[in-house]
Amino acid sequence: TPEMIKRFAAREPGPGCDQLIVLEQSPAGADLFMRIYNADGSEVGACGNAARCVAWLIMQENAQQTCRIETLSGIIGGSATSNEWITSIDMGRPKFDWQDIPLAEEFHDTRGIELQVGPIDAPILHTPSVVNVGNPHAIYWVKSFSNYDLSGLGPLLEHHPLFPERANISLAIVHSDTHIELKVWERGVGLTKACGSAACAAAVCASRNKLTEREVKVTLPGGDLWITWREDDHIIMTGAVALDGIIELATS
Ligand SMILES: N[C@@H](CCC[C@H](N)C(=O)O)C(=O)O
């Protein structure tokens, strides 16, 4: 139940988690169905970091080089790399239409929508890019993080009436045409150290806005991810998997 998930995910007394992942048999014949619950108990369609971890587990346990994971938003594919601890996920295609994100109002150009924070003539944040990569994201482009209190602004934007299904909110700094740095307020969670789907969302929006190449490194407080938006429109996320947290959980 949502109450049980909230208790399990609570950071106090801890260790807690951002998401609780439940693995089931896949009705569509993939290796598994991955059910994703946020810390607030809500069920959602995508989680890049969980996908990487679950793909790693499937491939290690079955000595496979690839795998298929069904989620509420479709089937995504995992593949092993030459490094045992680095996994790639094909996160599928981004959706940019306002109905698909979804937004409550029609916007033709989702590269930058009218959603500002602060006074009309001197907004603190403005013109976020929006995209759905299995879940909804809004990305504000900023020069530095120090002027913004994401823990204060995040909840307001997550619950803004423009987002009928709420949204994940990111602040993104474009350091170069191959490097983005990200801070994320996750829907149903709060500030996070890492968000794979936000990294994908920021990468495709940056490239769509001609701020970066189609292949970028995305730095989050918890580490780096490498995102490639392929010419066939699929987003490939590559990053590390570690077991330390799992060992800690299992023995405590
Ligand atoms: N909070 C997100 C789902 C989880 C995102 C995740 N941590 C990731 O790595 O992508 C949502 O509600 O959409």
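This passage describes a predicted model of a protein chain, moving from the overall fold to the strands around strand 8 and then to two individual residues.

The predictor's own scores give a useful starting point. The protein chain has a mean pLDDT of 95, and 97% of its residues reach 70 or more. For the complex, the predictor gives an ipTM of 0.97 and a pTM of 0.95. In secondary structure, the protein chain comes to five helices and 14 strands. The C-alpha trace spans about 55 × 45 × 35 Å along its principal axes. A compact globule of 252 residues would have a radius of gyration near 18 Å, and the protein chain agrees with this because its own value is 18 Å. Of the 252 residues, 38% are buried. Among contacts between residues at least 6 apart in sequence, 58% join residues at least 24 apart.

The domain assignment divides the protein chain into domain 1 (2-93 + 240-251) and domain 2 (129-231). Taken over C-alpha atoms, the centres of domain 1 and domain 2 are separated by 20 Å. The contact draws 18 residues from domain 1 and 15 residues from domain 2. On the side of domain 1 that touches domain 2, the largest share belongs to helix 2 (residues 48-62), which supplies four residues.

Attention now turns to strand 8 and its partners. Strand 8 (residues 136-141) pairs with strand 9 (residues 168-176) in the parallel sense, over five bridges. The link between these strands is a right-handed β-α-β crossover, in which the chain leaves strand 8, passes through helix 3 (residues 150-158) and arrives at strand 9. Two positions illustrate the parallel pairing: His137 stands opposite Asn168 in strand 9, and Trp141 has Ala172 as its bridge partner in strand 9.

Strand 8 also pairs with strand 7 (residues 129-132), and here the strands run antiparallel and are joined by four bridges. Within this pairing, Val131 stands opposite His137 in strand 8. Strand 7 and strand 8 form a hairpin with three residues between the strands, and Gly134 in this hairpin takes a positive phi near 105°. His137 therefore serves as a handy landmark for the reader, standing opposite Val131 of strand 7 and opposite Asn168 of strand 9.How enclosed is strand 8? Six of the six residues of strand 8 are buried, so the strand is largely enclosed by the rest of the structure. In a regular strand, side chains alternate between the two faces of the sheet. In strand 8, Pro136, Ala138 and Tyr140 point one way, while His137, Ile139 and Trp141 point the other way, and all are buried.

On from strand 9, the chain enters another hairpin, formed by strand 9 and strand 10 with two residues between them. Strand 9 and strand 10 (residues 179-186) run antiparallel and are joined by seven bridges. Here Val174 stands opposite Ile180 in strand 10.

Two single residues complete the picture. Tyr148 lies in the loop between strand 8 and helix 3. Is Tyr148 buried or partly exposed? Tyr148 counts as partly exposed because 17 C-beta neighbours lie inside 10 Å, whereas 20 or more would be needed for a buried residue. Leaving aside neighbours within four places in sequence, Tyr148 is in contact with Leu125, Val142, Leu153 and Leu171. Tyr148 and Leu171 are 23 residues apart in sequence, and their C-alpha atoms are 8.9 Å apart in space.

Thr66 is found in strand 4 (residues 66-71). With 14 other C-beta atoms within 10 Å, Thr66 is partly exposed. Apart from neighbours within four places in sequence, the contacts of Thr66 are with Gly77, Gly78 and Ser79. Thr66 and Val22, which are 44 residues apart in sequence, lie 20 Å apart in space, C-alpha to C-alpha.

Definitions and conventions. Residues are numbered from 1 along each chain as its sequence is written. This is a predicted model: local features need pLDDT of at least 70, side-chain atom pairs count only at pLDDT 80 or more; totals for chains, interfaces and linings use all residues. Two strands pair if DSSP finds at least two bridges between them. A crossover is right-handed if, with the strands pointing away from the viewer, the path from the first strand over the helix to the second runs clockwise. A residue is buried if 20 or more other C-beta atoms lie within 10 Å of its own, exposed if 12 or fewer, and partly exposed in between; C-beta atoms are placed from the backbone. pLDDT is the predictor's confidence in each residue, from 0 to 100. The radius of gyration is taken over C-alpha atoms; the globule rule is 2.2 Å times the number of residues to the power 0.38. Two residues are in contact if their C-beta atoms, placed from the backbone, lie within 7 Å. Domain bounds come from an automatic or database domain assignment.
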